[in-house]
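Let's take a walk through a protein together, one stop at a time. Have a look at the sequence and the 3D view, and then read on.

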Amino acid sequence: MAEYLREWLAARKEELTVNTYAGYRAYVERDLVPAFGRCRLLDLRPKQIEDWVAAQRRAGRGRVTLYRVVSTLRNALNHAVRSWRLKFNPAKHCVPPKPRAEERTCWTPVQAAAFLRHNADQYADQLADLFEVLLGTGMRRGEVLALHWSDVHLMDRKLFVRWTLSAVDNGDLHFNQPKTEASRAWISLSPRVVTALHRQAALQTAAAQEAGWRAWSSPTRTELPCGPSGCSTSSANAPPNSDSPGSACTTCATPPPAS
């Protein structure tokens, strides 16, 4: 089983996002290989999987984690069935019920405004502008952090969601496509969001000049970091330049130097 699970994982690496692959790898190496790695693929039975799930529940493992681990095993064994290495999938009926997502409580406009005012008054840092964009657009955190100036059109008061920034193991940063196709969309910007982005552009311009970014930035463009979030990903993971014809905002043609 250990050899088969790693073989299946390697075969799927190219088709998975970096975050999904990292999750599958963790489930395989942390849970599935220790639990079933010594068992022959043909010898694995539903009772073994059910007993492992029961033991994990008694040990206090979370329902969401157990669901994801056994779902990963089921997916891997589905491939074994499709490739005629197994006649049936022993994990098919062993996946715990999918936990119901908790109902989210949304702030009212008054609560959101109070949070932004408190953050600006008490901290007055660059996260204040990040929170303005998050609350004012409804974008996901990774989408905001992956914004590039070439996708921000301040004069037209709109932006385009083209990328999302993912962190693997809390350190390895990657640009990916947005989570859903519907996320790749134009978003209108309120006056508060436009003001926050203008403020962020001014801060980045000042920081760029102080840090000497003029030495590496394109001479044909205003010297700004890669995006409103001050992206610090390595050039190996940077997306291709995504200029939009007619864009009214400044852009950066090259990634920042590695720290």
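Our tour starts with helix H1, which covers residues 2-12. Its buried residues are Ala2, Tyr4, Leu5, Trp8 and Leu9. What do these buried residues pack against? Their partners are helix H2 (18-36) and helix H4 (63-82), so try to find those two helices beside H1 in your view.

Keep in mind that you are looking at a predicted model. Its average pLDDT is 80, and 81% of the residues score at least 70. Over residues 214-226, however, the pLDDT is below 50, although this stretch has 42 contacts in the model beyond near neighbours in sequence. Residues 230-259 also have a pLDDT below 50, with 69 contacts counted in that way. Where pLDDT is low, the predicted coordinates should not be read in detail.

Next, visit Thr164, which lies in strand E3 (residues 164-168). Is Thr164 buried or exposed? Its relative accessibility is 13%, so Thr164 counts as buried. Setting aside neighbours within four places in sequence, Thr164 is in contact with Gly142, Glu143, Ala146, His174, Phe175, Asn176, Gln177 and Pro178.

Our last stop is the cysteines. Cys39 is buried, with a relative accessible area of 15%. Cys106, on the other hand, counts as exposed because its relative accessibility is 63%. How many disulfides does a search of the whole structure find? The search finds 0.

Methods:
Residues numbered from 1 in each chain as written. Predicted model: local features only at pLDDT ≥ 70, side-chain atom pairs only at ≥ 80, totals over all residues. Heavy atoms only, no water. Disulfide = S-S within 2.5 Å. Buried < 20%, exposed > 50% of the residue type's maximum accessible area, 1.4 Å probe, protein only. Helix = DSSP H or I, 4+ residues; strand = E, 2+ residues; numbered from the N terminus. Contact = heavy atoms within 4.5 Å. pLDDT = per-residue confidence, 0-100.
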